[in-house]
Amino acid sequence: MEVIISRLIIITIIMMLATGLLANPIIITTPVFSQEEGSSVSIAPGAADPNNDLSFDPPQINVPTGSIVSWTNADSIQHTVTSDEQGLFDAGPISPGDTFENVFDSAGEFGYHCAIHPFMTGVVMVG
Ligand SMILES: [Cu+2]
């Protein structure tokens, strides 16, 4: 009988530890998701259509200084993310499904476009 009771105590302790380990990641992930919210832009399907107002969706993004902004090409052809001010950033051709990231270390207004389809424009507001 004593053996069974001591085994039950050990099992209970193990289960309490396991529950604690499983619960922790759930608590940690919540702030990470809210931090990254609003820092990604989609290159929309049909982005090469000059009448598409949402080629870069959203066309304007506002982020705090030091943010990483990512562009994911959800279209079926290549596009670039190229700064209007020459040399600031340039993804080169982004293939369908690929992502480009850029860190914005200083405050300001950073316009960009697609070098292949110059009518595709967007802006990153930093600060
Ligand atoms: Cu393009």
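Q: How many bridges join E1 to E4 in this predicted model?
A: We're looking at a predicted model here. E1 and E4 run parallel to each other. One place to see the pairing is Val41, which stands opposite Trp71 in E4. The number of bridges joining E1 to E4 is 4.

Q: Which residues of E1 point to one face and are buried?
A: Side chains alternate along E1, so it helps to recall that buried takes 20 or more other C-beta atoms within 10 Å. Ser40 and Ser42 point to the other face and are not buried. That leaves the buried pair, Val41 and Ile43.

Q: What is the bridge partner of Ser42 in E2?
A: E1 and E2 pair in the antiparallel sense. There are 2 bridges between these strands. For Ser42, the partner in E2 is Asp57.

Q: In what order do the 4 strands of the open sheet with E1 in it run?
A: Start from the edges: strand E2 (56-57) and E6 each pair on one side only. E1 pairs with E2 in the antiparallel sense, while E1 and E4 run parallel, and the sheet's pairing is mixed. Put together, the order is E2-E1-E4-E6.

Q: Which residues does Trp71 touch, leaving out those up to four places away in sequence?
A: Trp71 stands across from Val41 of E1, and Val41 is also on its contact list. Leaving out residues up to four places away in sequence, the full set is Val41, Ile43, Val81, Ala91, Ile94, Thr99 and Phe100.

Q: Which residues have the most contacts inside the largest nonpolar core?
A: That core has 17 residues. Two or more residues come from each of strand E1 (40-43), strand E4 (67-73), strand E6 (99-104) and strand E7 (108-113). As a general backdrop, nonpolar side chains tend to be buried together in soluble globular proteins. Here, the core residues with the most contacts inside it are Trp71 and Val81.

Q: In what order does the open sheet with E8 in it run?
A: This one is also an open sheet of 4 strands with mixed pairing. Its edges are E3 and strand E5 (82-83), each pairing on one side only. The order is E3-E8-E7-E5.

Q: Why does Val124 count as buried?
A: Val124 sits in strand E8 (residues 121-126). The cut-off for buried is 20 or more other C-beta atoms within 10 Å. Val124 counts as buried because its number of C-beta neighbours inside 10 Å is 23.

Q: Which residue stands opposite Val124 of E8?
A: Strand E3 (residues 60-63) and E8 pair in the parallel sense over 4 bridges. Val124 touches Ile61, Val63, Val69, Phe104 and Phe110, not counting residues up to four places away in sequence. From that contact list, the one standing opposite Val124 is Ile61.

Q: How far apart in space are Val124 and Gly108, C-alpha to C-alpha?
A: Along the chain, Val124 and Gly108 are 16 residues apart. In space, C-alpha to C-alpha, the distance is 8.2 Å.

Q: What is the bridge partner of His113 in E8?
A: E7 and E8 pair in the antiparallel sense. The pairing extends over 6 bridges. For His113, the partner in E8 is Thr121.

Q: Which residue in E7 does Ser83 stand opposite?
A: E5 and E7 pair in the antiparallel sense over 2 bridges. E5 is an edge strand, pairing on one side only. Ser83 stands opposite Tyr112.

Q: What share of the contacts with a separation of 6 or more comes from residues 24 or more positions apart?
A: For context, the protein has 1 helix and 8 strands, running α-β-β-β-β-β-β-β-β from the N terminus on. Buried residues make up 20% of its 127 residues. As for contacts with a separation of 6 or more, residues 24 or more positions apart account for 57%.

Key:
Residues numbered from 1 in each chain as written. Predicted model: local features only at pLDDT ≥ 70, side-chain atom pairs only at ≥ 80, totals over all residues. Core = buried A, V, L, I, M, F, W, Y, C linked by C-beta atoms within 7 Å. Buried ≥ 20, exposed ≤ 12 C-beta atoms within 10 Å, placed from the backbone. Contact = placed C-beta atoms within 7 Å. Pairing = 2+ DSSP bridges.
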